[in-house]
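Q: Please take a close look at one part of this model, namely the pairing of its charged side chains. A connected account would be welcome, with the wider setting in the chain added afterwards.

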Amino acid sequence: MRRLQKLAVATALAGGVFFGMQTLAYAQTSAALTAEMGSQIDGAAATPEALSAMVANLVQTNPTLAAAIAKRATQSNPAAAAQIAQAMAQAAPQQAAVVAAAITEIAPQAASQVTAAAASAAPQQAATIAVAVAARAPAAAPQIAAAATRAAPQSALQVAAAVSRANPQAASQIAAQVSVAAAQSGSTANSGTIAATVASASRTSAAAIITSVAAATGTSVAAIASQAAQGAATAAQVVASTDVTVQNGLNATAQASTQTATSTQQQQQQQQQQTVTTNTPVVEQPVVQENPAQTGSPT
């Protein structure tokens with residue numbers, strides 16, 4: 001009997017260690033938005049200020065969940081989309097484009113505001129952010145480029161080049177709106193250089209771009225054409241690195257989708273695991289009664 005008891009205790013201990021190690025390993029490899037995180041986001045959703053503070057804290061400690069956090073927060077309070085973008089981009093600048101793309105997927109009507117908020121928090125990534133957001137809302141590409149320019153005036157040429165390369169069908173409108181935004185925000189890039197940059201990046205007729213920019217800025221076509229000729233070398237330098245910027249922006253958009261899909265999948269796996277654990281019946285082992293006659297006990 002004692003031998004049986006010792007064996008049962010040893011088996012129970014081994015099982016406990018095994019399942020304990022399994023739980024620890026799962027916790028270390030999980031990259032899902034947990035139920036607790038979701039509850040924290042929902043609990044702070046009443047005010048943009050509280051929600052912004054919450055998501056900033058979460059993305060700092062969980063940068064690989066940036067897209068999932070951004071989407072959950074936007075779903076909780078769509079009106080706070082811009083504040084969420086700014087808070088998260090400021091807390092995790094390297095995730096700014098991913099965050100902006102994720103938020104725009106949930107609130108496409110706020111694409112320009114989200115772009116401006118994220119670019120103001122991470123101005124060095126303004127062009128990448130604009131490309132990522134425009135990939136989610138291509139019809140608003142000119143407005144998105146203008147918003148990024150206003151938020152980061154010194155990135156006007158990079159924004160114009162990247163967004164027009166990714167959206168060549170809207171090149172004239174992008175050039176026009178970026179030129180106006182650059183003039184209004186104090187950018188050092190003049191309208192002619194912006195026109196030359198967009199024409200080169202989008203591989204569009206320079207004459208059409210120049211005409212569009214001249215009309216938008218209230219400047220003569222001759223004046224814009226002169227500026228474009230003088231800024232041709234600068235435009236060429238900017239366009240030389242445009243493909244990398246565009247690819248980074250598109251990668252951010254794809255990453256936003258991948259992060260969210262992975263997080264959702266793992267949430268479902270966690271829920272299934274919890275359901276199996278909860279519903280697994282406990283099988284009681286029968287107690288073996290000793291027979292005095294078999295043990296040699298005196299009668």
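A: Lys71 is a suitable place to begin: its relative accessibility is 7%, and because buried means under 20%, the residue counts as buried. The model is a predicted one, and every value here is computed from it.

The partner of Lys71 is Glu105, and the closest N and O atoms of this salt bridge are 2.8 Å apart. Lys71 belongs to helix α4 (residues 66-76) and Glu105 to helix α6 (residues 96-106), so the pair ties together parts that are 34 residues apart in sequence. Unlike buried Lys71, Glu105 is partly exposed, with a relative accessibility of 37%.

Glu105 also takes part in a salt bridge with Arg136, at an N to O distance of 3.1 Å. Arg136 is located in helix α8 (residues 126-136) and Glu105 in helix α6, so this pair joins parts that lie 31 residues apart in sequence. Arg136 has a relative accessible area of 25% and is therefore partly exposed. Lys71, Glu105 and Arg136 thus form a linked network of salt bridges. Glu105 is the residue shared by the two pairs, meeting Lys71 as well as Arg136. As a general matter, side chains of opposite charge can pair when their charged atoms come close.

A further salt bridge joins Asp243 and Arg165, with 2.3 Å from N to O. This pair links distant parts of the chain, since Asp243 is in helix α16 (residues 242-279) and Arg165 in helix α10 (residues 156-166), 78 residues apart. Asp243, at a relative accessible area of 46%, is partly exposed, whereas Arg165, at 15% relative accessibility, counts as buried. The pairs described here are among the 4 salt bridges counted in the model.

Helices α10 and α16 appear again in the lining of the largest cavity, to which each of them supplies at least two residues. The lining consists of Gln158, Ala161, Ala162, Val238, Ser241, Thr242 and Thr245. Helix α10 gives the largest share, with 3 residues. The space in this cavity is about 40 Å³, and the structure holds 1 cavity of 30 Å³ or more.

The wider setting is helical: the chain has 17 helices and 0 strands. Of its 299 residues, 42% are buried. Among contacts between residues at least 6 apart in sequence, 75% join residues at least 24 apart. The accessible surface amounts to about 15,100 Å², and carbon and sulfur atoms account for 56% of this area.

Finally, the confidence of the prediction should be considered. The protein chain has a mean pLDDT of 85, and 77% of its residues reach 70 or more. Over residues 2-30, however, the pLDDT is below 50, and this stretch has 7 contacts in the model beyond near neighbours in sequence. Residues 292-299 also stay under a pLDDT of 50, with 2 contacts beyond four places in sequence.

Terms used. Residues numbered from 1 in each chain as written. Predicted model: local features only at pLDDT ≥ 70, side-chain atom pairs only at ≥ 80, totals over all residues. Heavy atoms only, no water. pLDDT = per-residue confidence, 0-100. Contact = heavy atoms within 4.5 Å. Salt bridge = Lys/Arg side-chain N within 4 Å of Asp/Glu carboxyl O. Helix = DSSP H or I, 4+ residues; strand = E, 2+ residues; numbered from the N terminus. Buried < 20%, exposed > 50% of the residue type's maximum accessible area, 1.4 Å probe, protein only. Areas by Shrake-Rupley, 256 points an atom, 1.4 Å probe, with all protein chains shown as cover. 1 Å grid on protein atoms, 1.4 Å probe; cavity = no way out; pocket = protein on both sides within 12 Å on 5 of 7 lines; lining within 4 Å. Points joined across faces, edges and corners; volume = space filled by probe spheres on them.
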